[in-house]
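Got your viewer open? Here's a tour you can follow click by click, with something to select at each stop.

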Amino acid sequence: MKETDREAVATAVQRVAGMLQRPDQLDKVEQYRRREARKKASVEARLKAAIQSQLDGVRTGLSQLHNALNDVKDVQQSLADVSKDWRQSINTIESLKDVKDAVVRHSQLAAAVENLKNIFSVPEIVRETQDLIEQGALLQAHRKLMDLECSRDGLMYEQYRMDSGNTRDMTLIHSYFGSTQGLSDELAKQLWMVLQRSLVTVRRDPTLLVSVVRIIEREEKIDRRILDRKKQTSFVPPGRPKNWKEKMFEILDRTVTTRIEGTQADTRESDKMWLVRHLEIIRKYVLDDLIVAKNLMVQCFPPHYEIFRNLLSMYHQALSTRMQELAAEDLEANEIVSLLTWVLNTYTSAEMMGNVELAPEVDVSILEPLLSPDVVSELLDTYMSTLTSNIIAWLRKALETDKKDWIKETEPEADQDGYYQTTLPAIVFQMFEQNLQVAAQISEDLKTKVLVLCLQQMNSFLSRYKEEAQSYKEEHLRDRQHPHCYVQYVIATINNCQTFKESIVSLKKKYLRSGTEEGVSLSQPSVDGILDAIAQEGCGSLLEEVFLDLEQHLSELMTRKWLLGSNAVDIICVTVEDYFSDFAKIKKPYKKRMTAEAQRRVVLEYLRAVMQKRISFRSAEERKEGAERMVREAAQLRLLFRKLAAGFGEDADGHCDTIVAIAEVIKLTDPSLLYLEVSTLVSKYPDIRDEHIGALLAMRGDTSRDLKQTIIETLEQGPTQANPNYVPIFKEIMVPSLNVAKLLK
């Protein structure tokens, strides 16, 4: 208490200090005192009221406990009196056994009297019930059947109560009502027939279906009542429980399964599209049936039957079973596609389970898959294996067809831009396109796999294409008169390579998602490399054809005949230009490379003629005349290749300048300046070798042995630094077996 008082005083001091912080507040001390007094009086009043309330509650509780104690004593006394009376009446109860037996017999006789009318009229009721069943009056028939069963079950129950071990009387009753079970079975047969045609019946005569459901519901109630009584008496009438509701769902399930299986109207032998037709019939039937069930059948069944949900489950299970059966068959590639497209896409689409008329009862997001992932994976593996074989066969056939075109006497067709081409790229990529469109219907993953497969097979196909093109060239070289349109078909082959490239890019752009492009593009470089190799070999074959015709004229260069006025270069230019008029049918990327290569080859042959020491000039006039002729011919070749390279934006002068540089060395009149001119040549063309210089000086015909030796030795000592953009040309020129030592003599 002292501690509490101290805390109260401290709190009061703190509060007063808070009130009297300024001098002007001293005037309000009396006002503060009155306010605090009112608060104190209020708190004390509430405290007294609370204590009084608690005291009243305690007083009431004590009074109730006192009353309860008196009641317990009264009950205890009553129980003692009852126990005493019960012990005194045991003997009296045992003496009433005969009365008890009489009551039981009276009960049995009362039941017999109650059912006496039905007992005597059993044969008549059986006939009436049979007639009603045959007439389709199922409700009336069931009512009479219930009366018969009720009479039989009542008599058997009373007999069971009186003497459960008396099987003779039980058998007698059962045999007398023996027709009852047959009527029950006959009625059930009629009910099942209606249920089997329930989807038709609900449209034509829904009342009949309602009657069937009412009968089943009655039987369910009787089953429940008998099972409840069984817990007390252990008595169950014959034929119970009937479980007609359970059998009803079994019948519906079998009906659904039969309906799904019965939709296959054709076989593969009679119709190649048998599976497509079968799946479409299933789709239509299932959709129509479920719409009818949702809109009509649910009105004929109690809500707790959940008839639509159960039917949906039955159809789904039946479809799953049927799809597994189809998947287990030896399906062809197109049939696998049809099956997977239907299972993975059509089934959940708006054409079937996703139809707006089935919403919201059908949620496609929670439907289990019709085929397990393992089965789908196995089907996809089979499809990919079959597709691989088919693509290989299709590509082989396409190549064989294209090869037949190569030996035709007519030129190949040209595209809208005038470039020669064959139908091979169109055939190949039309096939690829068709298979990719089919794969896209199934899944993005399969589409990507098929695209990868197409590119992989493209590699193998192009390798065979390259081999066939090489064989075509070798066959032509054995007889250059055949095939008649060799050049044109080689051009078409080159153009096909560019078409293949563009088509591959187009396929990837159309059928490949950006996320997977990097992985698939790994196979692209090899395809591009093979295509470039085929095109390069084709260009090489065409240039080889050109140089076979130029061979005779190239052999005239740097000879005495050439010096005296040969028109070999004129013929070379005309021949090259004539060939390149045909080469205009080559697409730009390859034509550009081919033009540059043709220029390089012509200049190379020209320089090779210089290095073969076909002529040795006898005088300064001959050297001057030969050099000037070389310059004129270089200008002539430059003009030709500028014309051929028009539109490419390329420099067509580089290689021709080499001829001019050689001519400058030959034209030089002062031998003392020869070293300077040769060193300039070497610095400009660092791949020129000693034997080249020796052959060039020998061609001049005026250089002494010592001077030649000095020039070569001096040039060997001075290292040359090549231009990083320089393209070597002399390294491909071999000087004839005449060695440098002999050239120096």
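**Stop 1: a pair to warm up on**

Select glutamate 691: this residue is partly exposed, with a relative accessible area of 25%. (Buried means under 20% relative accessible area, exposed over 50%, and partly exposed in between, using a 1.4 Å probe and protein chains only.) Now add arginine 689, which also counts as partly exposed, at 23% relative accessibility. Their side chains meet in a salt bridge, 2.8 Å from N to O. That term stands for a side-chain nitrogen of Lys or Arg within 4 Å of a carboxyl oxygen of Asp or Glu. Side chains of opposite charge can pair when their charged atoms come close.

Before moving on, keep in mind that this is a predicted model, where local features need pLDDT of at least 70 and side-chain atom pairs count only at pLDDT 80 or more, while totals for chains, interfaces and linings use all residues. Residues are numbered from 1 along each chain as its sequence is written, and side-chain values use heavy atoms, with hydrogens and water left out.

**Stop 2: zoom out**

Show the whole protein chain as a cartoon. How many helices and strands are there? You'll find 29 helices and 0 strands. (Both are DSSP runs numbered from the N terminus: helices are H or I with at least four residues, strands are E with at least two.) Of the 745 residues, 41% count as buried. The chain exposes about 41500 Å², and carbon and sulfur atoms supply 53% of that; these areas come from the Shrake-Rupley method with a 1.4 Å probe, and for residues only the protein chains shown count as cover.

**Stop 3: more salt bridges**

The structure holds 29 salt bridges, so let's visit a few. Pick glutamate 280 and arginine 283, whose closest N and O atoms are 2.8 Å apart. Both sit in helix α12 (residues 274–295), 3 residues apart, about one turn of the helix. Is each one buried or partly exposed? Glutamate 280 is partly exposed at 38%, whereas arginine 283 is buried at 15%.

Next, select arginine 600 and glutamate 732, a salt bridge with its closest N and O atoms 2.7 Å apart. Arginine 600 lies in helix α23 (residues 588–611) and glutamate 732 in the loop between α28 (705–717) and α29 (740–744), so this pair ties together parts that are 132 residues apart in sequence. Arginine 600 is buried, at 14%, and glutamate 732 is partly exposed, at 33%.

For a network of salt bridges, select Glu400, Lys403 and Glu468.

**Stop 4: helix α18**

Highlight residues 486–511, which make up α18. Of its 26 residues, 21 are buried, so the helix is mostly covered. Try putting a ruler on the ends: the end C-alpha atoms are 37 Å apart, which agrees with the 38 Å that the helix should span. (The expected span is 1.5 Å times one less than the number of residues.)

**Stop 5: backbone oddities**

Go to alanine 359 and proline 360, joined by a cis peptide bond with omega of about -5°. Proline 360 is in the loop between α14 (333–346) and α15 (373–406). Histidine 482 and proline 483 share a cis peptide bond too, with omega of about -10°; proline 483 is in the loop between α17 (444–478) and α18.

Finish with glutamate 306, which has a positive phi of about 45° although it isn't a glycine. Look for glutamate 306 in the loop between α12 and α13 (307–328).
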